[in-house]
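Subject: Structure for you to look at

Hello,

Here is the structure I promised to pass on. Please open it and keep it beside you as you read.

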Amino acid sequence: MQFQHTETLNQPLRFGEGKQYWINTFGCQMNEHDSEVMAALIENLGYRPASGPEEADLLIINTCAVRKKPEDKVSSMLGKLTVLKEGKNDLIIAVGGCMTQQQDLARHIKNRFSEVDLIFGTHALPRLPELLERAHLEKETVVDIKEDYTGREGLPAARTSTFQAWLPIIYGCNNFCAYCVVPFVRGRERSRRFEAIISEAAALSDQNYREITLLGQNVNSYGHDLPGKPSFASLLDELDRIEGLSRIRFMTSHPKDLSPDLIKTVARGKKICEHFHLPAQSGSDRILKKMNRRYTREQYLALVREIKAAIPGVSITSDIIVGFPGETEEDFSAPLDLLKQVRFDSAFAFIYSPRQGTKAEKLTDNTTYREKEQRLQALNKIQQRISLEENERLVGNLLEVMVEGPSKNNPELQTGRTRTNKLVHFTGPASLTGTIIPICITEARTWNLFGEMEGEPR
Ligand code: SAH
Ligand code: SF4
């Protein structure tokens, strides 16, 4: 291929001039935000967004490793995308994210898909421009999966929304839940500096962003590694003072670290939304212990009682894993009972998926996949009924909704979210996108609410 850039020390790399890129993102919000950072770095090289993979000169797949399903999707997507290279020799294909941070998987991708030009792990994000330059120049697949955490602070982000922004506050995870690959692919916990977060939030507010979502595998452990150990509650308190912002969200909360202080801060915060994503993972003490979650069922229930008592109208959502190795029918009835006691607004249930290198991978598992599927269905059935009942309680209420744009299924309808993160559809003009408007809830369904505008947008 023709390589058209001559670099001097003072000249930024611009080899993407006149070219287009396309990023496909799998997985969680942290990955979505990483893709926004990749986009900004690539745009600094001169690339512009493509309307689809066929148009692109640079294809990036940002992968997820948390369960086998997203991994399989990546493999099948790679199979399809590498075909594009047949007609376009100078197409660059890069694979990044959590899957590639694992040595075995990086090697597997390299061996199976020789068309891939660059493999870069989660820690390589700051080095992406140089890596892409090498991928242009070198014939061999370029691989960077070093555990080098430097350079992440201060990277730009090309955000996809003009009014809602992801804002990472802590990277990595120290918890090593027995089933989870995240600590292996995201490294140890690194909190961002308090002032760096406040100034990024203030800058977002200056650019008319109205909602920020603070991201971390466990936001509650924010600050333990910083001088003076600032708490997550104190960070929220400070962010709540930023004039232009209307909403502050955060996820995920590990139950073992959720402090009474945090509950008080959310209760008194003006902009801090009344929603906790508080994954329980199981309701059985025996399984919780095997999962290394470090709380008991009773401690979890006590925490939920405390949150509900302090914050009227709060929503609590959860993740549950079914079919963890050794889970008996008796163990399984415990999460069902937990769902009924807590009455989560919604809960995502996942079938346990063995992950390489984790503690649980080595445990004996006698439950068949069929049985696990049945457990998942039973759990979903109960939760769906609870979600519907909880939503029905909101009919007749006037709720503040931030409008996100036309509904995907019906462009006549606008879609937005309540402070408690519930999806609301209503009839109104698309010009309302990005505004906050009072909506009277008229109908409840399992996954969403319907309502009518009542009052002026602000
Ligand atoms: N840091 C967050 C979430 C990380 S992964 C937390 O601690 O809650 C998101 C969800 O995926 C987890 O809450 C868990 O329910 C699920 N998950 C993680 N590893 C899994 C595995 N090996 N099999 C099935 N589900 C898993
Ligand atoms: Fe995984 Fe547990 Fe860390 Fe969440 S807290 S990322 S589930 S190890």
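Below is what turned up, starting with the domains and ending with two backbone oddities.

One caution before the details: this is a predicted model.

**The domains**

The domain assignment splits the chain into three parts. Domain 1 covers 20-144, domain 2 covers 164-391 and domain 3 covers 398-453. Look at domain 1 and domain 2 together. Their centres, taken over C-alpha atoms, are 29 Å apart. At their interface, 18 residues of domain 1 are in contact with 19 residues of domain 2. About 1,700 Å² is buried between the two domains. Carbon and sulfur atoms give 58% of that area. Which residues of domain 1 lose the most area to domain 2? They are Gln29, Met30 and Arg67. Together they make up 35% of what the domain 1 side buries.

**What links domain 1 and domain 2**

There are two salt bridges across this interface. Find Asp34 and Arg186, which form a salt bridge. Their closest N and O atoms are 2.8 Å apart. Eight residue pairs are in polar contact between the two domains. On the domain 1 side, helix H1 (29-43) and helix H2 (68-84) each supply at least two of the touching residues. H1 gives the most, with seven residues. By class, this side of domain 1 has four nonpolar, seven polar and seven charged residues.

**Ligand 1**

Now move to ligand 1, which has 15 residues around it. Arg67, Gln217, Gln281, Asp319 and Ser353 come nearest. Three polar distances are worth finding on screen:

- Asp319 has a polar side-chain atom 2.7 Å from an oxygen atom of ligand 1.
- Ser353 places a backbone N or O atom 2.8 Å from a nitrogen atom of the ligand.
- Tyr179 also uses a backbone N or O atom, 3.0 Å from a nitrogen atom of ligand 1.

**Ligand 2**

What classes of residue make up the shell around ligand 2? There are seven nonpolar, three polar and one charged. The shell includes Cys173, Cys177 and Cys180. Phe176, Tyr179, Val182 and Pro183 are also among its members. So are Asn175, Gln217, His254 and Arg293. Tyr179 and Gln217 turn up around both ligands.

**Two backbone oddities**

Most residues other than glycine have a negative phi, and most peptide bonds are trans. Two places here go the other way. The peptide bond from Met251 to Thr252 is cis, with omega near 5°. Thr252 sits in the loop between strand S11 (247-251) and helix H8 (260-268). The other place is Asn292, where phi is positive, near 65°. Asn292 is in the loop between helix H9 (285-290) and helix H10 (297-310).

Best wishes

Definitions and conventions. Residues are numbered from 1 along each chain as its sequence is written. Chains are lettered from A and ligands numbered from 1 in the order in which they are written. This is a predicted model: local features need pLDDT of at least 70, side-chain atom pairs count only at pLDDT 80 or more; totals for chains, interfaces and linings use all residues. Side-chain values use heavy atoms; hydrogens and water are left out. A residue is near a molecule or strand if one of its heavy atoms lies within 4 Å of it. Ala, Val, Leu, Ile, Met, Phe, Trp, Tyr, Cys and Pro count as nonpolar, Asp, Glu, Lys and Arg as charged, and the others, Gly among them, as polar. Domain bounds come from an automatic or database domain assignment. Contact means heavy atoms within 4.5 Å. Buried area is the accessible area (1.4 Å probe) that two parts lose on being put together, summed over both. A salt bridge is a side-chain nitrogen of Lys or Arg within 4 Å of a carboxyl oxygen of Asp or Glu. A polar contact is a pair of N or O atoms within 3.5 Å; within protein, one must be able to donate a hydrogen and the other to accept it, and residues adjacent in sequence count only if both atoms are side-chain atoms. Helices (H or I, at least four residues) and strands (E, at least two) are DSSP runs, numbered from the N terminus.
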